[in-house]
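Welcome! Here are a few exercises to help you find your way around a protein chain you have not met before. Try each task with the viewer open, then read the solution.

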Amino acid sequence: MATITSSEEITALEERYQLATYKKMPVVAERGEGVWIYASNGERYLDLYGGHAVAGTGHCHPHVIAAIRRQSEKLLFYSNLVYSEARARAAEKLVSIAPDSLTKAFFCNSGTEANENAMRIARMATGRENVITFSGGFHGRTADAISATFLGKYREIGKPNVPGHLQAEFGDLDSVRALANESVAAIMLEPIQSMAGVRMSDPLFYRELRQLCDERGIVLIYDEVQTGIGRTGEWFFAGSPAGDGVIPDIITLAKALGSGIPVGACLVTGKLASHIKENDLGTTFGGGMIAMAAVTATLEAIENDRMLENVVSVESHLRERLKEIEQVVKVRGRGFLLGLEFAGKVKPIHEALLERKIITGTSSNAKVLRLLPPLCLGKEEVDILVEALRKIA
Ligand SMILES: Cc1ncc(COP(=O)(O)O)c(C=O)c1O
């Protein structure tokens, strides 16, 4: 194979051989460290997007790298047919930070898989088929999860849709009540709808959903693929004051859980777990040793570096400083899942920030710029963003 030298050559090769996915930024990412991405041409970018919210511990956290390296020298992989110290430790650690009632973990490889399995568990446990999800929610791109996604064009992309999906309006309990009959196995929601433009409901909505589920024997699933693992400044949205302390029956996770090693998980109550027998669930790669080592080390790194505390204090610094930017009319969200709502469209702002070597995210709301930075983002880096916004907004 020829030696690749320039960014242009790398870009051309990828364009030639890879199917289209997203519109790519003109960045050839070569190396990462904390909140910084270094491009192959030597430029450095402040990463406030974390590769789709994955780099929770920052890029290449040394504790995570060391754990992956150690595990890779012992055993790369064996499936759930055997026991493994790496898996045992990851499951114990994940359950130890979860709300008390969620006592069992199931590991898979992605957010969409976590949601598919969560819906399956709810259907098996209740003997019912339908799942209520919400306008604006995003749950993944595999058949059942995309059919549960009532955001933009996704159900269209996923056609033919899987039956068993009902749409309610986010934040509107009456719309849920009208659908929540004895055919409904689960209500699933992103407690903060990220891709829809960082939409939250008021705390009462989550409480009322919990009550409705309890009354009608419905499983409540929080898709915390984005909100989980410290992003809101707490380990989970579940149990937080923003959600009135409500604990769902299942939490689904992925994204930041493995610091970049693909891994997803469902955290499940003991009661639901009692309905799951051998061979009801399965996966080849889920629970593999490298991913499990990454999970344990990710959670340890967040604890060791006091990242949850960091999120809380840096979020308040950011909110304070954003008051200086007149064009930012509202800051939505919690912790490091933030939507900066501008008076006009954010596309030019997103592009101008990229020219200044700052990576941010857009959303399906044209006026909302999304920030999903590593949990180790510092106040100095917030100041870099604010100074850039001052110049361009
Ligand atoms: C809230 C939410 N759920 C599920 C998913 C799907 O995760 P994955 O891309 O790992 O399948 C995503 C991905 O963006 C997400 O944001």
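A helix here is a DSSP run of H or I with at least four residues, and helices are numbered from the N terminus. Keep in mind that this is a predicted model.

**Exercise 1. Find what follows helix α13, and work out which of its residues are buried and what covers them.**

Step 1. Locate α13, which runs over residues 347-355.

Step 2. Look just past the helix: K357 follows α13 and has a positive phi, near 70 degrees.

Step 3. Pick out the buried residues, using under 20% relative accessible area as the cut-off. In α13 they are I349, H350, A352, L353 and L354.

Step 4. Recall that an α-helix has 3.6 residues a turn, so residues three or four places apart point the same way.

Step 5. Look at the cover over these buried residues. It includes the strands β3 (44-47), β14 (337-342), β15 (358-359) and β16 (368-371), together with helix α14 (379-392).

**Exercise 2. Decide whether H59 is buried or exposed, and describe its surroundings.**

Step 1. Place the residue: H59 sits in the loop between α2 (50-53) and α3 (62-74).

Step 2. Compare its accessibility with the cut-off. The relative accessible area of H59 is 16%, so H59 counts as buried.

Step 3. List its contacts beyond neighbours within four places in sequence: G32, E33, G34, W36, I37 and D47.

Step 4. Take a closer look at D47, whose side chain forms a polar contact of 2.6 Å with the side chain of H59.

**Exercise 3. Describe the position of R207 and what it touches.**

Step 1. Find R207 in helix α9, residues 203-216.

Step 2. Check its exposure: with 27% relative accessibility, R207 is partly exposed.

Step 3. Leaving out residues up to four places away in sequence, R207 touches D244, G245 and V246.

Step 4. Now try V225. From R207 to V225 there are 18 residues in sequence and 21 Å in space, C-alpha to C-alpha.

**Exercise 4. Step back and judge how compact the whole chain is.**

Step 1. Take stock of the secondary structure: the chain has 14 helices and 16 strands.

Step 2. Compare the radius of gyration, 21 Å, with the globule rule. For 393 residues the rule gives 21 Å and the two are close, so the chain is as compact as a globular protein of that length.

Step 3. Add the burial: 54% of the 393 residues are buried.

Step 4. Finish with the contacts between residues at least 6 apart in sequence, of which 71% join residues at least 24 apart.

Note on methods
Residues numbered from 1 in each chain as written. Predicted model: local features only at pLDDT ≥ 70, side-chain atom pairs only at ≥ 80, totals over all residues. Heavy atoms only, no water. Helix = DSSP H or I, 4+ residues; strand = E, 2+ residues; numbered from the N terminus. Rg over C-alpha atoms; globule rule 2.2 N^0.38 Å. Buried < 20%, exposed > 50% of the residue type's maximum accessible area, 1.4 Å probe, protein only. Contact = heavy atoms within 4.5 Å. Polar contact = N/O pair within 3.5 Å; in protein donor to acceptor, adjacent residues only side chain to side chain.
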